[in-house]
Amino acid sequence: MSRFFATGSDSESEESSSADEITPKAPGATFKQSLLLSDDEEDTKRVVRSAKDKRFEELTNLIKTIRNAMKIRDMSKCLEEFEQLCRAFLKSKNIVDKEGVPPFYIRLLADLEDYLNQLWEDKEGKKKMNKNNAKALSTLRQKIRKYNRDFESEIAAYKENPQESADEEEEEKEPEDSGSSSDSEGEVSSKSFLKKKPEAPSEATKFLKSAKGSGDESSSSDEDDDDDDDEDWGSDQSGSSGETSDKEEGKTSSMSMLFLKKSQDTEKPGVRKEERKKKLKQKERIEEEAEEEGGEEAGGGWEKVKGGVPLVKEKPKMFAKGTEINTAVVVKKLNEILQARGKKGTDRAAQIELFHALAAIAAENNLGQGILVKIKFNIIASLYDYNPNLAAFMKPDMWKKCLDCIDELLDILFEHNNIFIGENIAEDSENLAVSDQPFRVRGCILTLVERMDEEFTKIMQNTDPHSQEYVDNLKDEGRVCGIVDRLLTYMENKGSTEEICRVYLRRIMHTYYKFDYKAHRRSLGLQGETKSEQDQEESEGEDSAVIMDRLCKFIYAKDRTDRIRTCAILCHIYHHALHSRWYQARDLMLMSHLQDNIQHADPPVQILYNRTMVQLGICAFRQGMIKDAHNALLDIQSSGRAKELLGQGLLMRNMQERNAEQEKIEKRRQVPFHMHINLELLECVYLVSAMLLEIPYMAAHEFDARRRMISKQFHHQLRVGERQPLLGPPESMREHVVAASKAMKMGDWRTCHSFIINEKMNSKVWDLFPEAQRVREMLVRKIQEESLRTYLFTYSSVYDSISMATLSEMFELEMPTVHSIISKMIINEELMASLDQPTQTVVMHRTEPTSLQNMALQLAEKLGNLVENNERVFDLKQGVYGGYFNRDQKGGYQQKQSYQRDQKSYQQKQSGYQRGGYRNQNQGNY
């Protein structure tokens with residue numbers, strides 16, 4: 001019979017016990033008993049320790065490791081363990097605030113600093129160190145010097161009487177060293193630092209009986225569970241030893257072995273007991289983890305968390321009662337708050353409130369402006385860190401706080417000239433206390449203002465541009481510009497050249513895209529129309545052109561970085577073009593040679609370049625420079641994605657080409673809505689420019705097989721218009737331009753004029769220009785001139801001669817203008833005619849072939865090309881080379897001078913309009 005079934009009843013158990021005394025024990029039974037013994041020991045030795053014991057024991061273990069590393073001069077290990085010690089001490093902050101800094105911690109800090117100073121002075125020993133240890137020594141020395149500033153008074157007290165402090169520690173160590181034989185020599189338990197060291201049973205009894213303790217309920221629940229288990233398992237009362245073994249075996253993993261001893265009715269209570277044990281252990285583990293994370297604030301035990309509505313916690317007190325508030329204490333508290341910055345689970349709003357409270361305390365105690373400036377720097381940095389996500393923008397309340405703090409910081413800096421700030425000031429050399437020396441504070445006000453400017457841009461990017469909220473947010477730009485102006489004034493006095501260039505660029509970026517209406521009114525002599533005093537005061541201010549010229553020229557002369565200078569040049573060109581200073585803008589663009597290497601710039605600079613070129617083209621159009629306007633706008637408009645190139649939105653058709661991360665980056669590069677260039681105006685200017693160039697060219701080269709297109713987009717719009725089955729009155733801007741082009745092609749300038757300039761086009765496009773009436777007059781003039789050219793190209797073959805007076809009356813142009821246009825066409829050999837000065841007529845030479853002759857010429861040319869290609873293919877197959885070209889000697893058809901050949905040679909000699917003339921002259925311009 002198997003041993004596993006040998007204990008079926010009480011009598012059988014007695015037999016098996018007697019048999020066990022004779023036979024040797026199986027290894028399985030020994031393993032089972034060892035498991036039971038370990039569980040029994042776990043039950044008897046389980047003690048609930050306070051948080052103070054746990055934290056101090058962790059500190060002492062780390063200190064022991066550091067001292068061992070000091071003995072063997074392992075600086076890397078010392079550095080690693082010291083960082084862990086600092087983190088552990090930070091976790092024990094609540095206990096330390098209540099109990100005070102333990103003396104063993106102060107002793108280590110003092111000993112470690114002395115030890116490191118001794119090693120640092122030992123030049124020979126430093127040379128023998130390996131690279132890692134030498135580097136760790138330098139790092140650890142800097143860290144310990146910085147860290148020990150918070151404990152200067154305690155370390156000084158220890159150094160005055162080191163023997164007494166050591167004796168106190170040894171007295172606390174002795175009881176534990178004598179009582180615990182298992183501890184190794186020199187190991188210190190955390191309980192040795194408690195003034196009263198109760199034994200484990202009394203500690204457990206205190207937790208069981210105490211009504212106020214945080215662990216009483218868990219202990220009592222253990223007791224209740226044990227009582228319930230006794231009742232459940234009490235059905236089998238064979239003996240106390242059997243009952244005890246049953247309770248112990250219930251905790252083991254081999255429950256099936258114990259169930260075989262019992263009757264079937266006892267299996268369910270056993271399962272319930274196992275489940276209760278598992279739940280209890282899980283609950284204890286969760287509570288221990290929560291305690292280790294720093295949740296304990298009262299020293300010792302667990303804290304019972306009750307359900308329901310959470311109670312409002314009181315704000316933590318900044319300083320203990322009776323603490324003397326001085327600069328060192330405030331700096332220490334400031335560093336404590338900063339240590340939690342950026343950590344997971346940190347309440348950023350509470351951190352900002354703590355900074356404000358600390359600033360109020362510093363102001364109340366008159367600690368000086370130096371410490372106040374440092375706190376302000378950290379408040380603004382915390383406001384920026386409130387949104388950890390880069391793409392997220394600041395909430396309105398945080399944005400207002402940020403502007404207020406920067407204003408207050410600038411007020412302090414302007415009022416007190418003895419405050420020096422800068423990134424190059426080390427924390428060791430800061431001077432925050434009130435003394436005869438000027439204050440020195442580490443920080444950069446320029447970086448904070450630049451970040452504020454970026455946050456403003458993000459706010460505008462993430463606001464609906466068609467809402468009132470956008471208008472309200474845009475009102476803050478005046479305040480942002482005011483802060484930049486104040487910073488500019490401050491930097492001009494105390495900043496370096498590089499910093500002045502950076503702040504100048506910020507000011508330029510807020511100015512270059514704005515049209516100066518006040519300067520425009522002054523230039524037109526309308527200054528007296530402004531009635532309010534405020535407007536008159538503003539109009540007396542400095543013009544934006546003067547400001548831009550002064551700031552940009554400083555950057556041109558002083559800047560050492562290509563990016564700032566490039567941005568300043570582009571903004572300067574944009575501002576010139578916006579105010580119709582075409583020649584200054586063009587010359588600056590040509591002298592800068594930016595178009596040669598702009599493809600190597602970063603995307604924001606490329607977007608600024610595209611915006612500048614577009615504004616330059618629009619400026620040329622307003623000035624009547626149609627060819628220059630077309631050339632400037634050609635690259636942007638021909639791509640078909642002007643919206644994306646100008647940073648004014650993403651095209652939906654390209655969404656498959658970029659992933660989510662790239663899309664986020666592209667959205668951050670978008671230009672705010674109030675800086676946008678009207679895309680419909682841009683397209684209209686481009687199409688009208690293309691119409692004024694393309695229609696005369698098409699009329700001049702109507703029968704030229706090798707005619708090229710000046711604007712592909714314009715031809716595309718013409719083809720779209722021709723494909724429509726029903727031609728109604730034009731509605732969109734494109735349809736208006738197409739209809740005007742068809743009218744111009746027929747020489748009907750009045751119809752063309754009515755399609756280009758009407759109420760609908762005025763409201764959509766032309767009224768958006770500052771000098772709308774002058775632009776409309778320029779357009780009418782250009783339409784008349786180009787319609788005259790088109791008319792002469794189209795109908796010159798019909799006339800023998802035509803009077804210039806007739807042309808002047810037909811196109812409503814002055815006689816000198818008509819004379820000038822026809823003279824240019826004759827000089828450029830675009831028109832085969834001559835001027836009869838006495839009669840003021842244009843006499844046609846009638847050298848142009850008719851339409852039938854043109855078609856015959858095209859046919860002959862195509863046949864000649866076909867024959868030439870066939871001959872070459874035939875010669876390659878036969879292996880004979882040059883046969884076609886030797887036909888002159890054999891009397892080939894090349895010797896026959898046909899009408900077509902005569903006409904062709906005549907055209908080559910005369911350089912007529914089909915091969916040269918207008919196209920050859922202007923080929924480089926397009």
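Is glutamate 454 buried, partly exposed or exposed? Glutamate 454 counts as partly exposed, because its relative accessibility is 41%, and the range between 20% and 50% is called partly exposed. Keep in mind as you look around that this is a predicted model.

**Salt bridges**

Glutamate 454 has a partner: its side chain meets that of arginine 506 in a salt bridge, with 3.7 Å from N to O. Arginine 506 belongs to helix H23 (residues 497-509) and glutamate 454 to helix H20 (residues 445-461), so this pair ties together parts that are 52 residues apart in sequence. Arginine 506 is partly exposed too, at 22% relative accessibility.

The structure holds 40 salt bridges. Here are three of them to find on your screen.

| Salt bridge | N to O distance |
|---|---|
| Arginine 506 and glutamate 454 | 3.7 Å |
| Arginine 479 and aspartate 407 | 3.3 Å |
| Aspartate 549 and lysine 553 | 3.2 Å |

Take the pair of arginine 479 and aspartate 407. Arginine 479 sits in helix H22 (residues 476-494) and aspartate 407 in helix H19 (residues 396-415), so their salt bridge links parts 72 residues apart in sequence. Arginine 479 counts as partly exposed at 30% relative accessibility, whereas aspartate 407, at 17%, counts as buried.

Aspartate 549 and lysine 553 make their salt bridge inside one helix, H26 (residues 544-558), where they are four residues apart, about one turn of the helix. Aspartate 549 is partly exposed, with a relative accessible area of 27%. Salt bridges can also share partners: Asp404, Asp407, Asp411, Arg479 and Arg486 are joined in this way into one network.

**A pair of strands**

Now turn to strands S1 (residues 419-422) and S2, which pair in the parallel sense over four bridges. Isoleucine 421 stands opposite valine 441 of S2. In S2 (residues 439-442), Phe439 and Val441 point to one face and are buried, while Arg440 and Arg442 point to the other face and are not buried. Why this pattern? In a regular strand, side chains alternate between the two faces of the sheet.

**Contacts across the sequence**

Lysine 760, in helix H38 (residues 759-764), is partly exposed at 37% relative accessible area. Beyond its neighbours within four places in sequence, lysine 760 contacts Pro730, Glu731 and His736. Lysine 760 and glutamate 731 are 29 residues apart in sequence, with 8.5 Å between their C-alpha atoms.

Glutamate 680, in helix H34 (residues 679-700), is partly exposed at 31%. Leaving aside neighbours within four places in sequence, glutamate 680 touches Met733 and Lys764. Methionine 733 is 53 residues away from glutamate 680 along the chain, yet their C-alpha atoms are separated by 8.0 Å.

Definitions and conventions:
Residues numbered from 1 in each chain as written. Predicted model: local features only at pLDDT ≥ 70, side-chain atom pairs only at ≥ 80, totals over all residues. Heavy atoms only, no water. Helix = DSSP H or I, 4+ residues; strand = E, 2+ residues; numbered from the N terminus. Buried < 20%, exposed > 50% of the residue type's maximum accessible area, 1.4 Å probe, protein only. Contact = heavy atoms within 4.5 Å. Pairing = 2+ DSSP bridges. Salt bridge = Lys/Arg side-chain N within 4 Å of Asp/Glu carboxyl O.
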